[in-house]
Amino acid sequence: MARPIHPSNLELQALSVLWHDGPSTVSAVHEALPDGKDRAYTTVLSVMQSLERKKLVKRARSGRAHVYTAAQAQEAIVQRAAQNFLTNTFGGRLSEAVLAILSTGTLTPEETTNIERELQRNKNMAAKKTAKKVVKKAPPAKKAAPAKKAAPAKKAAPAKKAAPAKKAAPAKKAAPAKKAAPAKKAAPAKKAAPAKKAAPAKKAAPAKKAAPAKKAAPAKKAAKK
């Protein structure tokens, strides 16, 4: 992993001109250096060439002049420089560094708004970090024991092939039915014997005449009183 490149203080000033003003020539950078010190043109040229070797700027030819453009974003470079400044000068105490910086000049209304916005963002981030710490302190729930994997089902034994059905024995041909014996002719019925003539009935004996009834004796006359 490549070590981060730390530009010098004068190189940072040159980069700040490119970040603020855009692609610039050596002369433009020379005139716009923030500290305003009187420096030779060759000094600034050496600074730009050093930045090019560190791959912090790119150079392009425009006519007879050379134009330099920042190769890295301001945030990436400034964050490392600010961290070094904070650690080396204030022992990492951010509030002291902020107050010290604010005391060096006067902010415009736009700068004040930007700083207030950044402070609010910082406040929100701090609240989130605090909430995460509280969550971490809570004892983690015990993980449920992983369910045992079910034993793989045994493969069913392949079904035995059914024995081929035996061919049915061919049905025996039925014996031809015997012809029924011809029915015997019935013997001719015997003629009934002629009925005997009944004997003539005997004549009944003539009835005897009844004896004439005897005349009843005349009744005796009743005795006189």
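Let's start with the strands. Strand 2, residues 57-62, and strand 3 run antiparallel, and six bridges join them. One facing pair to look for is R61, which stands opposite H66 in strand 3. Keep in mind that this is a predicted model.

Now the turn. Two residues sit between the strands in the hairpin of strand 2 and strand 3. There, G63 takes a positive phi near 70°.

Strand 3 covers residues 65-70, and it has another partner. That is strand 1, residues 24-25. Two bridges join strand 1 to strand 3, again antiparallel. Here T25 stands opposite V67 in strand 3.

Next, salt bridges. The count comes to five. I'll take three of them.

First up, K54 and E11. Their side chains meet at 2.8 Å, N to O. What does this pair tie together? K54 lies in the loop between helix 3, residues 41-53, and strand 2, while E11 is in helix 1, so the bridge ties together parts that are 43 residues apart in sequence. Look at the burial, too. E11 counts as buried, at 5% relative accessibility. K54 is partly exposed, with a relative accessible area of 25%. The cut-off for buried is under 20%, so K54 misses it and E11 meets it.

Next, E52 and R59. The closest N and O atoms are 3.1 Å apart. E52 is partly exposed at 27% relative accessibility. R59 is partly exposed as well, with a relative accessible area of 43%.

Then E118 and R121. Here the closest N and O atoms are 2.4 Å apart. How are these residues placed in helix 6? They are three residues apart, so about one helical turn separates them. E118 is partly exposed, with a relative accessible area of 41%. R121, at 45% relative accessibility, also counts as partly exposed.

Hold on to E118. It comes back in the pocket.

The largest pocket has about 1,500 Å³ of space. Its lining has 27 residues. Which of them are closest to the centre? They are V78, A82, L94, I101 and E118. So the E118 that forms a salt bridge with R121 is also one of the residues closest to the pocket centre.

Which helices supply at least two residues of the lining? Helix 1 (9-21), helix 4 (74-90), helix 5 (94-102) and helix 6 (109-137) each do. Helix 4 gives the most, with nine residues. By class, the lining has 15 nonpolar residues, nine polar and three charged.

Last topic, aromatics. A pair of aromatic rings is described by the distance of the centres and the angle of the planes. The count here is one pair. It is F85 with F90. Ring centres are 5.6 Å apart, and the planes stand at 75°. Why is it called edge-to-face? Because the planes are at 75°, and the cut-off for that class is over 60 degrees.

Are the two rings' residues buried or exposed? They split. F85 is partly exposed, with a relative accessible area of 40%. F90 counts as buried, at 14% relative accessibility.

To recap. Strand 3 pairs with strand 2 and with strand 1. K54 and E11 link the loop after helix 3 to helix 1. Helix 4 gives the most to the pocket lining. And F85 and F90 make the edge-to-face pair.

Note on methods
Residues are numbered from 1 along each chain as its sequence is written. This is a predicted model: local features need pLDDT of at least 70, side-chain atom pairs count only at pLDDT 80 or more; totals for chains, interfaces and linings use all residues. Side-chain values use heavy atoms; hydrogens and water are left out. On a 1 Å grid over the protein atoms alone, a cavity is a set of points where a 1.4 Å probe fits but cannot get out, and a pocket is an open set with protein on both sides within 12 Å along at least five of seven lines; lining residues have an atom within 4 Å of a point. Grid points are joined across faces, edges and corners, and a volume is the space filled by probe spheres set on the points. Helices (H or I, at least four residues) and strands (E, at least two) are DSSP runs, numbered from the N terminus. Ala, Val, Leu, Ile, Met, Phe, Trp, Tyr, Cys and Pro count as nonpolar, Asp, Glu, Lys and Arg as charged, and the others, Gly among them, as polar. Two strands pair if DSSP finds at least two bridges between them. Rings of Phe, Tyr and Trp (its six-membered ring) pair if their centres lie within 6.5 Å; planes under 30 degrees apart count as stacked, over 60 as edge-to-face and the rest as tilted. Buried means under 20% relative accessible area, exposed over 50%, partly exposed in between (1.4 Å probe, protein chains only). A salt bridge is a side-chain nitrogen of Lys or Arg within 4 Å of a carboxyl oxygen of Asp or Glu.
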